[in-house]
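Here are some short exercises for getting to know a new structure. Try each task yourself, then follow the solution step by step.

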Amino acid sequence: MSTAMTTATSSDGFVPNPDAAELAAVNQQIAASMQYPDVTTAEGLAAVRSADFAPSSDLKHAVSERTIPGPGGDLTLRIIRPEGPVKAVVIGIHGGGWCIGTPQQDDWINDHYAEHAQVATVSIDYRLAPEHPVPAPVDDCVAGALWVARNAAAEFGTDRLLLHGASAGGHLAALTLLRLRDEHPEVAERIAAVSLLYGAYDISGTPSQRLADRTTPVLPEHWLRGFLDNAFPGLDAEQRRDPYLSPLFAKLDDLPPALFTVGSLDPLLDDSLFMAARWQAAGNHADLDVWPDGVHGFNTMAPGTGHAVAERIASWFTTRLSA
């Protein structure tokens, strides 16, 4: 494992080099105009759910959807596949604080993976909190992952799997992987690599989370607390450290290589720093990229940097599939 910042390279030689001027402009705009409705109220949550956080992008590949039986009813899977042979199938889990978001918001990056890594993506439209608190979203993600595992060869011509999740999706991806390892090891061992973007791995609060205040961009303290309270209601800090809720506290042995991506200004910074270190200490391969001046979700707000992040992950996937 290695940390990649402006003065260091990762183990494979990569150095994050975003457009500093672009990120500075984005961060300034966020500070001046970003609104943070109270997501613990029906009105505030509705306002956030109606917002479109997906970057605009012209897709190069067709999108389709499949409905399968899920633990809480029908489960929708959103599929993007490349032209020609498929090298692997990515199980995709979108972000949104467990409370908002859809697989469509990741079409832009999944389309990039199809184009540049020759992989298909199956994104899971899991149930959202507070209507369906954790573990309901995890149950949906496990069900979706099992469908992909059982149908990948017939549907896509390959049985190789990858896993990708961002923000709350990073948290759900980590929990899904642990469930697969413990309950379906024959599926977990087919996952060649995992990409986890700025996930929350200790929902009781890492130091960087606890240092967030009302001025912290994108995830100020009250918004972070609101999302967590919606998804994990009625639990105190010790209960939130249950490894079935906070993967940082789980046994992390026998896991595939992982790439952790996070911005240096993200209140979830420590989650990636700590999780990557524990991932490696458990005997697994971990790469850690810390993007300078990146806030939470920075790759969705700055087109140039977002493209660079997508290209990095696609290249990393290709390298892991060739290993």
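A crossing of two helices is called left-handed if the near helix is turned anticlockwise from the far one by less than a right angle, and right-handed if clockwise. Keep in mind that the model you see is predicted.

**Exercise 1.** Describe how helix 3 and helix 11 pack, and give the handedness of their crossing.

Solution.
- Start with the general idea: two packed helices are described by the angle between their axes and the distance between the axes.
- Helix 3 covers residues 107–117 and helix 11 covers residues 303–322; their axes are 9 Å apart, at an angle of about 45 degrees.
- Angles of 35 to 65 degrees fall outside the roughly parallel and roughly perpendicular ranges and count as oblique, so helix 3 and helix 11 are oblique to each other.
- By the definition above, the crossing of helix 3 and helix 11 is right-handed.
- Next, look at who meets whom: Trp108, Ile109, His112, Tyr113, His116 and Ala117 of helix 3 are in contact with residues of helix 11, including Gly306, His307, Ala310 and Phe317.
- Sorted by kind, the residues of this contact are eight nonpolar, five polar and one charged.

**Exercise 2.** Now do the same for helix 4 and helix 5: at what angle do they pack, and which residues make the contact?

Solution.
- Helix 4 (residues 136–156) and helix 5 (residues 168–183) have axes 9 Å apart and an angle of about 60 degrees between them.
- That angle makes helix 4 oblique to helix 5.
- Helix 4 passes helix 5 in a right-handed crossing.
- From helix 4, the contact is made by Pro137, Val138, Asp139, Cys141, Val142, Ala145 and Leu146; from helix 5, Leu172, Leu175, Thr176, Arg179 and Leu180 take part.
- The residues in this contact divide into nine nonpolar, one polar and two charged.

**Exercise 3.** Check the length of helix 5 against what its residues should span, and say how many of its residues are buried.

Solution.
- At 1.5 Å a residue, the 16 residues of helix 5 should span 22 Å.
- The end C-alpha atoms of helix 5 are 22 Å apart, which agrees.
- As for burial, helix 5 is mostly covered, with 14 of its 16 residues buried.

**Exercise 4.** Place Glu155 and find its contacts beyond its neighbours in sequence.

Solution.
- Glu155 is in helix 4.
- Its relative accessibility is 28%, so Glu155 counts as partly exposed.
- Leaving out residues up to four places away in sequence, Glu155 touches Arg66, Arg81 and Trp147.
- The C-alpha atoms of Glu155 and Val89 are separated by 9.9 Å, with these positions 66 residues apart along the chain.

**Exercise 5.** Which peptide bonds leading into Pro130 and Pro135 are cis, and where do these prolines lie?

Solution.
- The bond from Ala129 to Pro130 is cis, with omega near 0 degrees.
- Pro130 sits in the loop between strand 5 (120–124) and helix 4.
- Val134 and Pro135 are also joined by a cis peptide bond, with omega about 25 degrees.
- Pro135 lies in the loop between strand 5 and helix 4.

**Exercise 6.** Is Asp254 buried or exposed, and what is its phi?

Solution.
- Asp254 is found in the loop between helix 9 (237–240) and strand 8 (258–263).
- Phi of Asp254 is near 60 degrees, a positive value in a residue other than glycine.
- With 64% relative accessibility, Asp254 counts as exposed.

Notes: Residues numbered from 1 in each chain as written. Predicted model: local features only at pLDDT ≥ 70, side-chain atom pairs only at ≥ 80, totals over all residues. Heavy atoms only, no water. Axes fitted to C-alpha atoms, helices over the stretch in contact; angles between N-to-C directions. Helix = DSSP H or I, 4+ residues; strand = E, 2+ residues; numbered from the N terminus. Parallel < 35°, antiparallel > 145°, perpendicular 65-115°, else oblique. Contact = heavy atoms within 4.5 Å. Nonpolar A, V, L, I, M, F, W, Y, C, P; charged D, E, K, R; others polar. Expected span 1.5 Å × (residues − 1). Buried < 20%, exposed > 50% of the residue type's maximum accessible area, 1.4 Å probe, protein only.
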